[in-house]
Amino acid sequence: MPTATTSKVRTALVIGGGIAGPVVATALLKAGIQATVYEAYPTLAEGIGGGLALAPNGLAALGLIGAGDAVRALATPVTGTVMAVGGNTRRLPSLADVEPLQIVGRGDLHRVLHDRAAESGVRFEYSKRLAGAIEGPNSVTAKFDDGCTATADVLIGADGVRSTVRTLIDPEAPAAGYTGMLSFQGYVDAAPDLDPEPGVMTFAFGKRAYYLFWKMADGRVTWGANLPSKQYMSLTDARTIPSGQWLRTLRETYSGDLPGELLANRTTAENLDITGAIHIMPPVPHWHRGRMVLVGDAVHAPSNSTGQGASLAIESSIQLARCLRDLPDAASAFRAYERLRRERVERITKRGARTNSAKTPGPVGRKAMHALMPIFFKVMNFEKVMGWEQRYQIDWDAPAMDGTSADG
């Protein structure tokens, strides 16, 4: 079992303190590589955004850094899923012997990952927005907009869909694409006419827009809206519009849908989270260059339709740490890491893109979905479609040799 790095890489600068950043830093420390996380914002990003899903494969990866149980303690397990098209509902099949999907608040997840990293010995620096980087023969130096610099053996870009590191690696790198939908999350009290089965998440295709809902452990009903919008709006832009105005739009959009209309009408401005545009990353040609490499949403951000965004970021963080631990230098480690990850993440991203196209089908498409749903459920092999995604396991103790070993 590897207990210390055999690589020449001993130190790392991690840019971004969201999900991938703390995970890769904690895994690197476990691998014998010192890592410091540099976050652009002045504080830990608690309370930002709504909930997100962690799939079984993501939870398994979190277990490798000792964070899985802490996340489960704060999460709501989803033991069943339902698809609803108009009045037609069907329960989706599930995988045998796989733990439930877990829904956790984004801020709660950030806090757990930060605390686990800090307990492991990872250092965090805040208000450090990356401005540039200079590579030398044996090191890389990050330059921050406050004039400070930091030097290490490698620089890891965990800085999200608007990654600065991605453009440093390749100035022609593609930007994150916009799916044509804005995301919102609301919370309402359960009532006799609105009381979903505990543990069951419903994916509903309304007349004009898609939404999903589930009952939380505290008895409230949470719902997520994917609002079609031709106009792209950043999170900052979307939040300049008063919540009351967004609620009027949501109520118009889901009028006539059940229970979408009830969910929208009973959500108050105080109980609405505006979570911004839904992005999807196109394939990124260059994952690394020299002593710089990308991880998480900076290089692969599938749409929220997959339920895999956070889980894939966590997996890639662990795999990058393994490769840096076991390969003799940064270049070979980065190549092995990309070979381990590219095919998997791009395949899942394509699945998400197909699902996105079904979220706003229009009247004709909606009728077709209604008619074809029984056939779809009859012929779909859920184990074949989803088993390879959710049963993925990383063998931390196996040496990362050629980009294909120990990849579940």
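User: In this predicted model, how many bridges join strand E13 to E17?

Analyst: The model is a prediction. Strand E13 spans residues 177-189 and runs antiparallel to E17. Within this pairing, Gln 185 has Asp 273 of E17 as its bridge partner. The number of bridges joining E13 to E17 is 7.

User: Which strands are the edge strands of the open sheet that contains E13 and E17?

Analyst: The sheet is open, has mixed pairing, and consists of 7 strands in the order E6-E5-E14-E15-E16-E13-E17. Neighbouring strands in this sheet are turned against each other by 20° on average, direction ignored. An edge strand here pairs on one side only, and this applies to strand E6 (88-91) and strand E17 (272-280).

User: Which helix packs on this sheet, touching E13, E16 and E17?

Analyst: The contacts of this helix are with E13, strand E16 (220-228) and E17. Its direction makes about 70° with that of E17. The helix covers residues 243-253 and is H7.

User: How many residues apart in sequence are the parts tied together by the pair of Phe 184 and Trp 246?

Analyst: Phe 184 and Trp 246 form a tilted aromatic pair, with 4.9 Å from centre to centre and 55° between the planes. Both Phe 184 and Trp 246 are buried. Because Phe 184 lies in strand E13 and Trp 246 in helix H7, the pair ties together parts whose separation in sequence is 62 residues.

User: Is Thr 202 buried or exposed?

Analyst: Thr 202 lies in strand E14, which covers residues 200-205. Leaving aside residues up to four places away in sequence, Thr 202 touches Val 82, Ala 84, Tyr 211, Leu 212 and Phe 213. Its relative accessible area is 10%, and since a value under 20% counts as buried, Thr 202 is buried.

User: Which residues are linked into a cluster by ring pairs?

Analyst: The model has 9 aromatic pairs. Two contacts of Thr 202, Tyr 211 and Phe 213, belong to the cluster. The residues that ring pairs link into this cluster are Tyr 211, Phe 213, Trp 223 and Tyr 254.

User: How many residues lie between E9 and E10 in their hairpin?

Analyst: Strand E9 (residues 130-135) and strand E10 (residues 140-144) pair in the antiparallel sense over 5 bridges. Leu 130 stands opposite Phe 144 in E10. The hairpin formed by E9 and E10 has between them a number of residues equal to 4.

User: Over which ring does the charged end of Arg 347 sit?

Analyst: Arg 129 lies over the face of Tyr 41, at 5.7 Å from the ring centre. The charged end of Arg 347 sits 3.8 Å from the centre of its ring, which belongs to Trp 388.

Conventions: Residues are numbered from 1 along each chain as its sequence is written. This is a predicted model: local features need pLDDT of at least 70, side-chain atom pairs count only at pLDDT 80 or more; totals for chains, interfaces and linings use all residues. Side-chain values use heavy atoms; hydrogens and water are left out. Helices (H or I, at least four residues) and strands (E, at least two) are DSSP runs, numbered from the N terminus. Buried means under 20% relative accessible area, exposed over 50%, partly exposed in between (1.4 Å probe, protein chains only). Contact means heavy atoms within 4.5 Å. Two strands pair if DSSP finds at least two bridges between them. Axes are lines fitted to C-alpha atoms, for helices over the stretch in contact, and angles run from 0 to 180 degrees between N-to-C directions. Rings of Phe, Tyr and Trp (its six-membered ring) pair if their centres lie within 6.5 Å; planes under 30 degrees apart count as stacked, over 60 as edge-to-face and the rest as tilted. A charge sits over a ring if NZ of Lys or CZ of Arg is within 6 Å of the ring centre and within 35 degrees of the ring normal.
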